[in-house]
Amino acid sequence: MNKFFIPSFLILVLGLVLYPYLYLSPLLPMLVHYGILAFSIFFGLKIGQNKKKYLLISAIPVVVLWHLPWFFGLATRYIDVWVLDVFSMFMSGYVIGSCIKGSNLTLQLILFSLWMLGDSLLSYLWIVNPVYYAYPISIYPSSQFPLAGTVMFVFMDMLGVGIILWVFFKRIFSEIGYN
């Protein structure tokens with residue numbers, strides 16, 4: 001229980017500390033989401049062991065939900081909704097990480113592809129047609145979204161290529177005997 005409580009508490013505190021600065025750019029809540037998901041997926045991989053892959057059916061929609069315009073706007077506007085966003089993203093990441101552990105390559109590729117597709121679509125919307133996410137729905141004017149979407153797209157692509165290369169070289173070196 002201690003292994004799970006302390007990181008959860010720290011993530012929640014980090015989300016609360018960053019809340020007053022969310023108004024600066026829509027990129028900030030997205031970076032918080034990246035950080036929370038990366039940490040919680042890693043955390044789930046390390047201590048979680050979940051053989052119930054059907055739990056992904058509950059975790060993935062939560063991640064998608066917080067990126068829809070109305071929920072994104074609510075989370076950046078109200079601190080109590082932001083706390084719910086941060087905590088539910090952490091829990092979803094933990095479930096995803098614990099389900100990935102020991103899963104087959106097909107499931108891992110599907111999850112990776114869904115992440116890349118979802119983030120690409122969100123970045124595209126922010127760059128090309130940000131009115132869905134802009135004020136009055138959220139606290140951000142539409143002029144802030146194209147730059148944030150571009151940075152998000154570049155960051156996500158670099159991270160995705162890095163993951164692909166890491167997996168590729170890890171497999172190559174393990175096949176030739178360099179572990």
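Which helices each supply at least two residues of the nonpolar patch? The points below take up this question within a reading of the model, which is predicted.

1. On the overall fold, the chain holds seven helices and zero strands, and from the N terminus on its elements run α-α-α-α-α-α-α. The radius of gyration of the chain is 17 Å, close to the 16 Å that the globule rule gives for 179 residues, so the chain is as compact as a globular protein of that length.

2. On dimensions and burial, the C-alpha trace spans about 55 × 40 × 25 Å along its principal axes, and buried residues account for 36% of the 179 residues in the chain.

3. On the nonpolar surface, a patch is formed by Leu121, Tyr124, Ile127, Val128, Phe153, Val154 and Met158, which together have about 670 Å² of accessible area. To return to the opening question, helix H6 (105-128) and H7 each supply at least two residues of this patch, and the largest share, four residues, comes from H6. Tyrosine 124, one of the patch residues, is found in helix H6.

4. On the charged surface, Lys46, Lys51, Lys101 and Lys170 form a positive patch. Lysine 170 lies in helix H7, which covers residues 145-175, and this lysine counts as exposed because its relative accessibility is 52%, where the cut-off for exposed is over 50%.

5. Taken together, helix H7 is a point of contact between the two descriptions of the surface, since H7 supplies at least two residues of the nonpolar patch and also holds lysine 170, a member of the positive patch.

Note on methods
Residues numbered from 1 in each chain as written. Predicted model: local features only at pLDDT ≥ 70, side-chain atom pairs only at ≥ 80, totals over all residues. Heavy atoms only, no water. Patch = residues over 30% accessible without salt bridge, like charges linked within 9 Å, V, L, I, M, F, W, Y side chains within 5 Å. Areas by Shrake-Rupley, 256 points an atom, 1.4 Å probe, with all protein chains shown as cover. Salt bridge = Lys/Arg side-chain N within 4 Å of Asp/Glu carboxyl O. Lys, Arg positive; Asp, Glu negative; His and termini not counted. Charge placed at Lys NZ, Arg CZ, Asp CG, Glu CD. Buried < 20%, exposed > 50% of the residue type's maximum accessible area, 1.4 Å probe, protein only. Rg over C-alpha atoms; globule rule 2.2 N^0.38 Å.
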